[in-house]
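User: I would like to go through this model in questions and answers, with the cut-offs stated as each term comes up.

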Amino acid sequence: MSKQGDPLSAALFSIAMDSILKKMELRGNISTRLKQCTAYADDILITTRTIQAMIDTFVKLKNESLKCGLIVNVHKTKYLKCTRRQDQPKSINIEDKEFEQVKSFKYLWSTVNTDSTIEEEINERLTLGNKGFFTNKKMFQSKFISKLAKLKLYCSVIRPVVTYACETWTLKETITNRLMVFERKVLRKLFGPTNENGIWRIKTNQELDKVIKHKNVNFIRAQRLGWLGHIERMQETRMVKAIYCWKPISRRPIGRPKICWEDDVGKDIQKSKVPNWKTLVQDRRRWKELVEKAKPLHKEL
């Protein structure tokens, strides 16, 4: 018998979950399958096109888990409905158990919401970044640590918290501005004011960009180009590549459509003035050089 905390428990749990998911019989591909099931450790996400399909999939998952001695935590189980209509949240009953409907939830530390926007994710990231900075405020304001060391600490401790999973973001100008404002606020605290003719003043945006060699949060665009290269070089059988190549059959709603990730990254490629990028991306070394050049490319928003 293996208990929680035992070195074998993680491996045994993974084997059990793999067996359970294989019995779910999720046939078809990304475009024809009525239901999807994504699992990482004990975080399981069920995606379906109808409520009834969701109920049937959940019941089968619960029953198969019971056979392996695993129990679904009802209190941590929520469901979300992706729709353009502003419906009032309501609970759903499955086998005499009430499950709450939510407008957003976290999966693997990323926020998923009803309208598929990242504003809520950005708010959460900025909040965590502020908490991380003020938790280590004494270290960042210490006179015994050089400014270069403080900058390295910021880039390795605070910035990754704010830009977690940024490779998948679709950036708007307002979002980019908010990220830049946060970073400049932190940098001004790290490097302090400038003494000019006996008068102290805060550093300008241009001075801060020069200090960090223009490697500001716009490096997100370079990160996305790097991720695009990985996807393009993936085999067609990979799930990520299948989702990337999948084209929905349904039409977009009337009005100005939302910018897709692929279109947004395409604009970055145009700014980089890369001809025949589909051919260049297959050369890992040359594409990496392009990504490095793209980091300081977007100096001004």
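User: How many salt bridges does the count come to by the rule used here?

Analyst: This is a predicted model, in which local features need pLDDT of at least 70, side-chain atom pairs count only at pLDDT 80 or more, and totals for chains, interfaces and linings use all residues. Residues are numbered from 1 along each chain as its sequence is written, and side-chain values use heavy atoms, with hydrogens and water left out. A salt bridge is a side-chain nitrogen of Lys or Arg within 4 Å of a carboxyl oxygen of Asp or Glu. By this rule the count comes to 17 salt bridges.

User: Which elements of the chain does the salt bridge of K106 and E124 link, and what is its N to O distance?

Analyst: The pair links distant parts of the chain, 18 residues apart, with K106 in strand β7 (residues 104-107) and E124 in helix α3; helices (H or I, at least four residues) and strands (E, at least two) are DSSP runs numbered from the N terminus. The side chains of K106 and E124 meet at an N to O distance of 3.0 Å.

User: Are K106 and E124 buried, partly exposed or exposed?

Analyst: Buried means under 20% relative accessible area and exposed over 50%, with partly exposed in between (1.4 Å probe, protein chains only). K106 has a relative accessible area of 42%, and E124 has one of 27%. Because both values fall in the range between those cut-offs, K106 counts as partly exposed, and E124 is likewise partly exposed.

User: Which residues form salt bridges with R201?

Analyst: R201 is partly exposed at 23% relative accessibility. One of its salt bridges is with E196, at 3.2 Å from N to O, and E196 is partly exposed at 41%. Another has its closest N and O atoms 2.8 Å apart, with a partner that is partly exposed at 26%. The partners named here are therefore E196 and E207.

User: Which residues are joined into one network by salt bridges that share partners?

Analyst: Beyond the pairs with R201, there are also salt bridges that share partners. The residues that they join into one network are R221, R224, D264 and D268.

User: How are α3 and α5 oriented to each other?

Analyst: Axes are lines fitted to C-alpha atoms, for helices over the stretch in contact, and angles run from 0 to 180 degrees between N-to-C directions. The axes of helix α3 (residues 119-135) and α5 come within 7 Å and cross at roughly 160°. Angles under 35 degrees count as roughly parallel, over 145 as roughly antiparallel, 65 to 115 as roughly perpendicular and the rest as oblique, so α3 and α5 are roughly antiparallel.

User: What handedness does the crossing of α5 and α6 have?

Analyst: α5 and α6 pack at an angle of about 155° with their axes 11 Å apart, and the two helices are therefore roughly antiparallel. A crossing is left-handed if the near helix is turned anticlockwise from the far one by less than a right angle, and right-handed if clockwise. In these terms, α5 passes α6 in a crossing that is right-handed.

User: Which residues make the nonpolar surface patch of about 470 Å²?

Analyst: Patches are made of residues with over 30% relative accessible area and no salt bridge, where like charges are joined within 9 Å and nonpolar side chains (Val, Leu, Ile, Met, Phe, Trp, Tyr) within 5 Å. Accessible areas come from the Shrake-Rupley method with a 1.4 Å probe, and for residues only the protein chains shown count as cover. One member lies in the loop between α5 (147-162) and α6 (173-191) and is partly exposed at 37%. The patch is made by Y40, L108, W109 and Y164.

User: What is the phi of A165 near?

Analyst: A165 is found in the loop between α5 and α6 and is partly exposed, with a relative accessible area of 22%. Its phi is a positive value in a residue other than glycine, near 65°.

User: Where is E95 found?

Analyst: E95 has a positive phi near 50° although it is not glycine, and at 45% relative accessibility E95 counts as partly exposed. E95 is found in the loop between β4 (92-94) and β5 (97-99).
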